[in-house]
Amino acid sequence: MAEKKKQSGGGIHFRRLIAYIVLIIISFLCLFWFYVLFINATRSNSELSAGFTAIPSSHLVENWVNLKNGTLPIIRGMFNSLIIAFLTATLATYFSTMTAYAIHAYDFKGKKFIFTFILMIMMIPTQVTVLGFLQLIDKMKLDNSAIPLIVPAIASPAVFFYMKQYMDATLPLSLVEAARIDGSGEFRTFNQIVTPLMKPAIAVQAIFSFVGSWNNYFTPALVLHDDTKKTLPILIAQLRNADWLKFDMGQVYMMIAFSIFPVIIVYLILSKHIVGGVTLGGVKG
Amino acid sequence: MKKRLVSLLAMATMTATMFAACGSSDTASTETPATDGAATEATDSADDAAVELPEDTGKVLNIYGWNEEFKSRLTDHYAGYTEVDSTHGKIGDVDVVWNITPSTDNAYQNNLDEALLAQESAAADDKVDIFLVEADYALKYVDTDYAMALKDLGITDADLADQYKYTQDIVTDSNGNLKGSSWQACSAGFIYNREAAKEILGTDDPDEVQAAVADWSKYNETAAKVAEAGYKMCSVNDTYRVYSNNVSGKWVQDGKVVIDKNIEKWVDDSKELVDANAETTDDLWGDDWAKGKRPEGKIFGYFGPAWFFNFCLDADQDGTIANKGGWGYCVGPQSYYWGGTWICAATGTDNANLVKDIILTMTTDKAVLKDIAQKDADCVNSKTVLKELASDDSGNLDLLGGQNPYAQLAEGAEKVDLSNLSAYDQGCNEEFQKAMKNYFQGNATKDEALDMFKKAIVEKYPDVTAD
Amino acid sequence: MCPILKIKGAFMAKKSKVVRYNKWGYIFLIPFLVVFIIFQLIPLASTIYNSFFENYRSGLTQIGPNFVGIENYKTIITNGDLPLYFKNTMIMWILGFVPQIVLSLLLGAWFTDPSLRLKCQTFFKTVIYMPNLIMASAFAMLFFTLFADSGPINSLLIQIGVFKEAFQFMSHAGSVRGLVATMNCLMWFGNTTILLMAGMMGIDPSLFEAAQVDGATANQIFYKITLPLLRPILVFVMITSLIGGLQMFDVPQILTNGTGDPMRTSMTLIMYLNKHLFSKNFGLAGALSVYMFVITGILSLIVYKFTNSEKN
């Protein structure tokens with residue numbers, strides 16, 4: 001330690017250099033896949049089967065036209081994906097914050113039990129209950145509808161857990177007390193004081209839920225049957241399943257690129273809230 | 001290639017609409033050159049049966065499939081079908097609804113299972129009318145009451161006399177009832193690299209190459225020579241279907257999984273060839289497997305049917321063997337088939353007459369079948385049409401160096417014998433190949449790999465036992 | 001230890017005043033509980049109920065349900081596969097999680113270290129989460145292409161002389177597990193870093209400044225200030241990652257085409273469970289689910305206790 005302090009001037013430069021090198025390598029590893037996807041989207045099926053290259057080819061427009069004029073309703077699929085993912089993210093974050101707030105700010109009988117209980121729910125893998133889930137939505141006549149994909153997001157234990165942990169670290173109850181003294185109703189306090197303070201956490205979980213829902217294939221594939229209701233991952237699987245007459249990896253890659261595009265935009269918009277330096281320093285004071 | 005295909009499809013649609021004006025079913029029945037006796041019998045029994053069929057009451061025709069293949073065939077070749085949008089069409093007053101679920105993760109079968117199990121209680125508009133199956137799992141559906149026997153639809157043996165027998169074996173239930181029909185007869189054989197054949201065998205003539213691979217011992221001898229010359233014969237997964245199509249017993253007998261002698265032979269032959277560097281263990285469709293499409297991939301051949309060389313050898317790509325017309329085709333050590341889609345009528349359909357007409361038109365109407373063969377490059381399920389294609393030059397293919405493969409394809413289709421299918425074939429074949437890969441690659445002994453296979457089968461089919 | 005958090009203590013003192021508000025605790029819980037009971041508890045209950053029955057489908061024929069007691073539980077124990085798949089799952093999780101958490105903490109520390117003053121932080125912070133935007137299936141497809149026997153990685157390695165002939169990545173237990181771990185790490189380290197950063201940004205910057213004025217080194221700041229204050233979030237990361245790890249499915253499933261080869265050395269618990277879903281084997285799958293539930297519960301409890309006890 002003492003040695004380090006002595007050479008702290010040179011040490012900083014050295015550490016900065018290391019940091020930059022590591023960051024650049026990591027950035028390369030992160031962005032490389034997008035580059036490969038883009039390259040592959042510009043290549044024809046037979047070029048793709050000939051192996052990998054790093055140079056783009058000339059079939060970008062052709063792949064897009066084939067995909068757009070194909071039989072799969074991709075624009076509709078994007079619309080479906082957007083609605084489902086957006087609603088999922090909204091419901092998951094809002095209601096999880098609310099649930100976390102209930103546990104964090106109030107003291108009531110059975111609170112500990114409910115908290116432990118919710119944590120236990122988190123341990124149930126989706127695959128475990130999926131059979132029962134399908135039987136249930138069939139009985140509720142919700143088969144082939146987006147509702148069973150959206151509404152369950154209200155009970156997202158992992159999002160709740162994060163919100164709870166975040167509140168433990170950053171949300172002082174004195175603030176809530178202050179609001180009460182000012183005569184603010186409990187529901188209003190939650191919506192107008194607590195929620196804004198939770199913005200970074202909400203942005204983080206909104207992104208995660210949005211991306212999770214956007215890329216989810218497992219449940220939607222079991223629930224949605226009409227082409228016009230399907231989400232993008234199912235349509236991609238369908239495209240990859242095409243008969244040999246129409247099988248075209250160029251289109252598959254184009255479709256993957258097409259389906260990643262909106263989620264990148266949503267991410268870039270929300271990421272401002274995360275990386276833009278939202279600090280809660282002021283709140284603490 | 002792609003553009004050509006698109007314009008071909010467009011043409012096909014136009015021709016189909018033109019035919020529609022003439023009324024294709026009438027023309028077809030007068031054209032049928034069946035023997036007199038059979039023809040009259042056919043008309044008689046068909047008439048009898050037609051009387052029995054209840055009038056169509058359904059306003060919706062639900063068709064279940066896993067991809068768009070049949071939809072595009074119906075759009076192009078069935079007079080009277082008009083497309084509304086990507087999942088809806090119309091035939092007369094009847095709305096056609098396509099329920100297409102990809103087969104990834106078994107989703108198609110899961111979906112179809114639920115629909116069929118709910119068939120009885122389903123509302124009239126939701127009842128399954130037609131569903132499509134592949135050979136590997138056909139019996140799972142065919143050997144139940146959920147699929148209608150064709151004779152109950154008023155389709156007679158005479159109607160189907162021109163089809164290849166193996167295509168009917170696949171969809172015949174345990175009581176001998178035929179319950180499905182296909183427009184394709186995908187007999188397959190050995191597609192070899194002509195340059196390599198000249199170098200190694202001194203000839204690229206299909207008959208002489210056939211002589212070099214006429215049975216498995218000759219095939220293995222040739223493979224040894226191929227390996228000496230620095231080539232590999234193909235992948236063990238290429239030859240698997242050839243062996244597994246020629247078994248002497250079913251996969252599951254009396255609830256117990258049985259490994260057939262010919263399958264065991266595949267294991268032993270393949271292990272020897274892999275160890276001798278004469279065959280690869282590449283998975284089908286992977287990048288490694290696909291490298292043989294180019295001369296520098298140093299692969300002697302592939303096993304495949306007509307659709308394979310038409311669509312999987314990348315003839316439109318510079319530098320491929322197909323592009324230079326460098327492939328040849330012969331029947332190979334044993335006859336087998338690969339691929340195809342079967343049309344089944346669902347019990348409880350309220351459009352029986354329409355379903356019957358679709359099956360008859362799409363799978364027995366020779367004019368339609370010839371049209372499909374020429375426009376869509378399907379190898380069709382009609383002895384007459386294949387004979388016609390074999391006899392003229394229209395069947396010559398550039399990518400085979402001008403060879404007309406239809407004679408071999410027809411010969412192969414005659415010889416395929418699929419009387420030993422079981423409802424467990426899909427799972428058994430898949431799991432067997434996966435498990436044995438461990439043995440071939442040296443990660444397990446043969447017994448360990450076999451145990452792995454048995455374990456996988458019991459997981460997949462809890463009603464089956466292994467040892 | 002962390003005075004800011006001790007504000008919570010004030011809460012206890014005001015207990016009596018708070019009572020009349022507490023019914024709101026129940027009200028705020030209603031949406032979660034209602035949805036949870038309908039969409040998760042009922043399916044879960046039927047899962048557990050089913051675990052005591054022989055209940056599967058052979059083709060289109062439904063077998064059962066016939067009550068068999070704990071027969072399904074016995075079957076799973078006696079065939080002895082469960083420990084193997086548990087081991088595989090844990091190995092692949094640890095292989096991926098250790099570099100993931102180290103990387104995330106390192107990046108988090110760098111990003112919050114005021115003395116380092118890294119440029120282009122926004123860019124780096126934005127980029128690290130990007131791999132998660134790609135669907136696991138698409139990601140696995142790309143990995144497959146790159147690590148194929150004749151793929152670019154192999155040709156590169158042969159060219160620089162590491163290997164004489166192509167290395168079959170997909171047929172060696174070590175390399176398959178390594179690839180799965182790499183993919184998981186790459187897909188999730190950004191996620192973890194974001195979680196940690198969100199926590200770090202909640203830390204009062206004046207704390208860092210004060211520490212710096214006192215002459216603390218970057219290491220000291222990290223271990224004495226950042227890490228302790230991050231504990232709640234770290235616990236969250238550990239537990240969710242552990243649970244996510246135990247539920248590991250899509251990456252190895254797609255990469256090995258569902259086989260978990262070679263010789264099932266990369267088969268995870270959920271992949272095994274998925275095998276039973278093929279035949280809609282509610283009975284065995286139900287029993288397996290209960291086992292998994294117990295395993296996850298015990299492990300999470302250990303992690304939770306371990307991380308909480310450190311506090312005192």
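**View 1. Two domains of chain A, with their C-alpha centres 30 Å apart.** This is a predicted model, as are the other views here. The split of chain A comes from a domain assignment, which gives domain 1 as residues 2-59 and domain 2 as residues 67-284. Where the two touch, domain 1 of chain A puts in nine residues and domain 2 of chain A puts in seven residues. On the domain 1 side, look for α2 (8-41) and α3 (45-49) of chain A, the elements that each give two or more residues. The largest share there is from α2(A), with four residues. By type, that side of domain 1 of chain A has four nonpolar residues, four polar and one charged.

**View 2. Chain C against chain A.** Here 83 residues of chain C meet 77 residues of chain A. If you want one element to find your way by on the chain C side, pick helix α3 (residues 23-50) of chain C: its 16 residues are the largest share of the side that touches chain A. That side of chain C sorts into 53 nonpolar residues, 25 polar and just five charged.

**View 3. Chain B against chain C.** This contact draws 25 residues from chain B and 21 residues from chain C. On chain B, the elements giving two or more residues to the side that touches chain C are α5 (107-117), α6 (138-142), α13 (287-290), α19 (425-440) and α20 (446-460). As for what chain B shows to chain C, the count is ten charged residues, nine nonpolar and six polar.

**View 4. An open sheet of seven strands in chain B.** Walk across the sheet of chain B and you'll pass β2, β3, β4, β1, β5, β13 and β6 in that order, with mixed pairing. The walk starts and ends on the edge strands, β2 (81-85) and β6 (181-182) of chain B, each of which has a pairing partner on one side only. In general, strands of a sheet pair through backbone hydrogen bonds, either parallel or antiparallel.

**View 5. Zooming in on β3 and β4 of chain B.** Strand β3 (residues 88-91) and strand β4 (residues 94-100) of chain B make an antiparallel pair with four bridges. For a spot to focus on, try G89(B), which sits opposite V96(B) of β4(B).

**View 6. A helix across the strands of chain B.** Helix α15 (residues 352-364) of chain B lies across β1 (60-65), β3, β4, β5 (128-133), β6 and β13 (342-345) of chain B. Relative to β13(B), helix α15 of chain B runs at about 165°.

Methods:
Residues numbered from 1 in each chain as written. Chains lettered and ligands numbered in written order. Predicted model: local features only at pLDDT ≥ 70, side-chain atom pairs only at ≥ 80, totals over all residues. Nonpolar A, V, L, I, M, F, W, Y, C, P; charged D, E, K, R; others polar. Pairing = 2+ DSSP bridges. Axes fitted to C-alpha atoms, helices over the stretch in contact; angles between N-to-C directions. Domains from an automatic or database assignment.
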